Amino acid sequence: MRQPVYLLAENILSPLGATAGENLEQLLQNNTGIRLHDRPAFSPVPFYAALMDADMAVPGLEPYTRFEQLLIRSVADALKISGIPAYDTDTVFIVSTTKGNISLLEQAPVDTPLKKRMTLHAAARLVSEHLGFAHRPLVVSHACISGLVAIITAMRLLQSGRYRHAVVSGADVISRFVLSGFQSFHAVSDEPCRPFDAGRKGINLGEGAATLVLSVEKARGAVQLLGGATSNDANHISGPSRTGAELSQAIASALVDAGTVKEEIDCIAAHGTATIYNDEMEAKAINLAGLQEIPLHSIKGYYGHTLGAAGLIETAVAAMSLRENIFLPTKGYAHSGTTQHVQVSSILQRGSFNTCLKMASGFGGCNAALILQQST
């Protein structure tokens, strides 16, 4: 029998707050971090996004980039809550990001030192050394499923017996490079995003970080990670599957890995980017999985799409929701906008929520699914 894995502690560092608790409080008040920004350095036109305060100065962190500071602050808070020291040799550190320090390209001449500084492994190493981790960090960069893949990777490392604890942290910051890329796809909404809604126009980007501390040692109130899986559409570099079959396959594989069945799923934390094609594909996948009557939400209307942090932020919120027996609404949703029915939550629900399916999809046709459950 393989080793159970539990979520001991979490942090969310976002425009809504610096701790998981602060974020949950803002979510329960239906507050969003998305605002209209007029920043010519980022975009020639105003844009909606959830951005961190420009001044993130923290004593002692001045030598680090904004991206690295987000990771350091998030990990430090989660470690403090968990009581697990970074220097523990039974602990692995995993970083999830899609762009890392890519914004450095816009701030200095491109030379050899800059090229080395902006690599993902260099940033992860600097963060790891600052926090005092015993082992070299692992980096997961797998488009928008990076966060979930990092969690699944950590879970499997713990199940293998190689480590007893895992600290999984993800972050991304928004720059002209990042924003212009999504604008070139005409994927950025000119209003606050509306996942799964008939009038949705696209994404809002977001900045933030999140950290999960996983362990084979159970603690009171810990949520158990039952299993996870990934798949790929092999369809298009940016367009998702037309049928949703491959995401449905990831869901089915995650259920098998978790040793559970679809009838046990009480809620679904969708990816829900608010683009026409992603939300349509997810709705099809959910129907193929036979989960179309299960309450579903996307929290992109609160955080925007936080890229490498998205899977971690949304998993942290899912875990807190299970503990509190609540299910958040899909901010911005009013009218069904997919060809196949899904049970999109539009109000805060209180009840008995025991098992959650978290899923994500990304460029290149990648998909991931994770099953979380309240531990007894």
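Visitor: In what order do the three strands of the open sheet stand?
Guide: In this predicted model, the sheet is open and its pairing is mixed. Strand S2 (35-37) and strand S7 (205-206) are the edge strands, each pairing on one side only. The order is S2-S3-S7.

Visitor: Which residue in S7 is the bridge partner of alanine 49?
Guide: Strand S3 covers residues 47-50. S3 and S7 run parallel and are joined by two bridges. For alanine 49, the bridge partner in S7 is leucine 205.

Visitor: How many disulfides does the structure hold?
Guide: A disulfide needs two cysteine sulfur atoms within 2.5 Å. For cysteine 193, the closest cysteine sulfur belongs to cysteine 144 and is 13 Å away, too far for a bond. Cysteine 356 is also in no disulfide, with the sulfur of cysteine 267 nearest at 3.8 Å. The number of disulfides in the structure is zero.

Visitor: Is cysteine 356 buried or exposed?
Guide: Buried means under 20% relative accessible area. Cysteine 356 has a relative accessibility of 2%. Cysteine 356 therefore counts as buried.

Visitor: Which helix gives the most to the largest nonpolar core?
Guide: This core has 53 residues, and those touching the most other members are Ile94, Ile151, Val168, Leu214, Tyr303 and Val317. Leaving aside neighbours within four places in sequence, isoleucine 151 is in contact with residues including Val168, Leu214 and Leu370. With nine residues in the core, the helix that gives the most is H5 (residues 146-159).

Visitor: The backbone oxygen of which residue lies 2.6 Å from a polar atom of the side chain of serine 146?
Guide: Serine 146 has its place in helix H5 and is buried, with a relative accessible area of 0%. Beyond neighbours within four places in sequence, the contacts of serine 146 are Ser96, Thr97, Thr98, Val140, Ser141 and Gly308. The backbone oxygen at 2.6 Å from a polar atom of the serine 146 side chain is that of alanine 143.

Visitor: Why is the ring pair of phenylalanine 185 and phenylalanine 363 classed as it is?
Guide: A search of the whole structure finds five aromatic pairs. In the pair of phenylalanine 185 and phenylalanine 363, the ring centres are 5.4 Å apart. Planes under 30 degrees apart count as stacked and over 60 as edge-to-face. The planes here are at 55°, so the pair is tilted.

Visitor: How many residues apart in sequence are the parts that this pair ties together?
Guide: Phenylalanine 185 lies in the loop between helix H6 (176-184) and S7. Phenylalanine 363 lies in the loop between strand S14 (355-362) and strand S15 (366-374). Relative accessibility is 44% for phenylalanine 185 and 38% for phenylalanine 363, and each counts as partly exposed. The parts tied together are apart in sequence by 178 residues.

Visitor: Which residues do ring pairs link into a cluster?
Guide: Phenylalanine 185 and phenylalanine 363 form a tilted pair. Ring pairs link these two with one further phenylalanine. The cluster consists of Phe182, Phe185 and Phe363.

Visitor: What separates the C-alpha atoms of valine 178 and lysine 99?
Guide: Valine 178 has its place in helix H6 and counts as buried at 3% relative accessibility. Leaving aside neighbours within four places in sequence, valine 178 is in contact with Lys99, Ile102, Val173, Leu205 and Leu307. Valine 178 and lysine 99 are 79 residues apart along the chain, and their C-alpha atoms are separated by 7.9 Å.

How values were computed
Residues are numbered from 1 along each chain as its sequence is written. This is a predicted model: local features need pLDDT of at least 70, side-chain atom pairs count only at pLDDT 80 or more; totals for chains, interfaces and linings use all residues. Side-chain values use heavy atoms; hydrogens and water are left out. Two strands pair if DSSP finds at least two bridges between them. Helices (H or I, at least four residues) and strands (E, at least two) are DSSP runs, numbered from the N terminus. Buried means under 20% relative accessible area, exposed over 50%, partly exposed in between (1.4 Å probe, protein chains only). A nonpolar core is a set of buried Ala, Val, Leu, Ile, Met, Phe, Trp, Tyr and Cys residues joined through side-chain atoms within 4.5 Å. Contact means heavy atoms within 4.5 Å. A polar contact is a pair of N or O atoms within 3.5 Å; within protein, one must be able to donate a hydrogen and the other to accept it, and residues adjacent in sequence count only if both atoms are side-chain atoms. Rings of Phe, Tyr and Trp (its six-membered ring) pair if their centres lie within 6.5 Å; planes under 30 degrees apart count as stacked, over 60 as edge-to-face and the rest as tilted.
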